[in-house]
Amino acid sequence: MWSFIKLLLLFIVASVCHWAFSSLFSFWGLSVNIMLAFTAAFCAVLKPAFGYPAAFVCGLFLDFFATKLFGYNAFSFTVASCIIYALAERFDFDGIFPQVISVFGLSVLVSVINALLVWWFASAAMWPGFWSVLGGAFFCALLAPAVFWIVRRVLACGPVCRQR
């Protein structure tokens, strides 16, 4: 129960950080998705039984506040969690380099998946722009080590965490 409360508190922190950074960097036209960095950290730390639902809920939370296609963030975050769990056997997510590279790659991939989903289902093109996506992915990648550290420290690898 205590692990669930910690996870809920981390979700609230992720939501506030996502709102703050999205608002702050929108002035420069950057598409920053800090919630994705938290999702990657959740999946790197938690067992799949807890990581997949956490990724889905993070994406669904963003869908509730978006004016775009409903459910596309939930789908793309779930795809991102599948990729993190597939990479977990090959990457050591305790290192900074795998954290930065995976968050950068996932940020770009999720932006492309979201644009394709909107184009496919809504027959509309919606792309924030190459430099917006690249700049936002770069900034999220720079914040990734701090996000991973916070998630590891707060969850403290209780019964819901993966064994290394």
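Colleague: Let's start with Ser81: which helix holds the place of Ser81?
Modeller: Keep in mind that we are looking at a predicted model. In this model, Ser81 has its place within residues 72-87. That stretch is helix α4.

Colleague: Is Ser81 buried or exposed?
Modeller: The relative accessible area of Ser81 is 1%. Buried means under 20%. Because 1% falls under that cut-off, Ser81 counts as buried.

Colleague: Which residues does Ser81 touch, if we don't count those up to four places away in sequence?
Modeller: A touch here means heavy atoms within 4.5 Å. With residues up to four places away in sequence set aside, Ser81 has three names on its list: Cys43, Tyr52 and Ala55.

Colleague: And which residue has its backbone oxygen 2.6 Å from a polar atom of the Ser81 side chain?
Modeller: A polar contact needs a pair of N or O atoms within 3.5 Å. The side chain of Ser81 has a polar atom 2.6 Å from a backbone oxygen, and that oxygen belongs to Thr78.

Colleague: How far apart are the C-alpha atoms of Ser81 and Phe50?
Modeller: Along the chain, these two are 31 residues apart. In space, their C-alpha atoms are separated by 11 Å.

Colleague: Phe50 makes me curious about the second largest pocket; which residues lie nearest its centre?
Modeller: The second largest pocket has about 300 Å³ of space. Its lining is made of 14 residues. Those nearest the centre are Phe4, Leu7, Leu8, Phe50 and Ala54.

Colleague: Which elements give two or more residues to the lining of that second largest pocket?
Modeller: Look at the helices the lining draws on. One of them covers 2-25 and another covers 48-64. These are α1 and α3.

Colleague: How many residues of the lining of the second largest pocket are charged?
Modeller: Sort the lining by type and you get 13 nonpolar residues and 1 polar residue. For charged residues, the count is none: there are no charged ones.

Colleague: Now α3: what does α3 reach from its first C-alpha to its last?
Modeller: Helix α3 has 17 residues. At 1.5 Å a residue, the expected reach is 24 Å. The model is close to that, with α3 reaching 24 Å.

Colleague: What do the buried residues of α3 pack against?
Modeller: The buried residues of α3 are Gly51, Ala54, Ala55, Cys58, Gly59, Leu62 and Asp63. They pack against α1, α2 (34-45) and α4.

Colleague: Why does Leu62 count as buried?
Modeller: Leu62 sits in helix α3. Buried means under 20% relative accessible area. Leu62 makes the cut because its relative accessibility is 12%.

Colleague: Which residues is Leu62 in contact with, leaving aside its neighbours within four places in sequence?
Modeller: Contact means heavy atoms within 4.5 Å. Leaving those neighbours aside, the partners of Leu62 are His18, Asn33, Met35, Asn73 and Phe77.

Colleague: Is Asn73 buried or exposed?
Modeller: Asn73 lies in helix α4, and it touches Gly59, Leu62, Asp63 and Asn114, not counting residues up to four places away in sequence. Its relative accessible area is 6%. The cut-off for buried is under 20%, so Asn73 is buried.

Colleague: What covers the buried residues of α1?
Modeller: The buried residues of α1 include Leu7, Leu10, Phe11 and His18. Among what covers the buried residues of α1 are α2, α3 and α6 (130-155).

Colleague: How does Val13 count in terms of accessibility?
Modeller: Val13 is found in helix α1. Its relative accessibility is 36%. Since buried means under 20% and exposed means over 50%, Val13 counts as partly exposed.

Colleague: Last one: which residue follows α5 with a positive phi?
Modeller: Helix α5 covers residues 96-122. The residue following α5 has a phi near 55°, and that residue is Ser123.

Methods: Residues are numbered from 1 along each chain as its sequence is written. This is a predicted model: local features need pLDDT of at least 70, side-chain atom pairs count only at pLDDT 80 or more; totals for chains, interfaces and linings use all residues. Side-chain values use heavy atoms; hydrogens and water are left out. On a 1 Å grid over the protein atoms alone, a cavity is a set of points where a 1.4 Å probe fits but cannot get out, and a pocket is an open set with protein on both sides within 12 Å along at least five of seven lines; lining residues have an atom within 4 Å of a point. Grid points are joined across faces, edges and corners, and a volume is the space filled by probe spheres set on the points. Helices (H or I, at least four residues) and strands (E, at least two) are DSSP runs, numbered from the N terminus. Ala, Val, Leu, Ile, Met, Phe, Trp, Tyr, Cys and Pro count as nonpolar, Asp, Glu, Lys and Arg as charged, and the others, Gly among them, as polar. Buried means under 20% relative accessible area, exposed over 50%, partly exposed in between (1.4 Å probe, protein chains only). A polar contact is a pair of N or O atoms within 3.5 Å; within protein, one must be able to donate a hydrogen and the other to accept it, and residues adjacent in sequence count only if both atoms are side-chain atoms. The expected span of a helix is 1.5 Å times one less than its number of residues.
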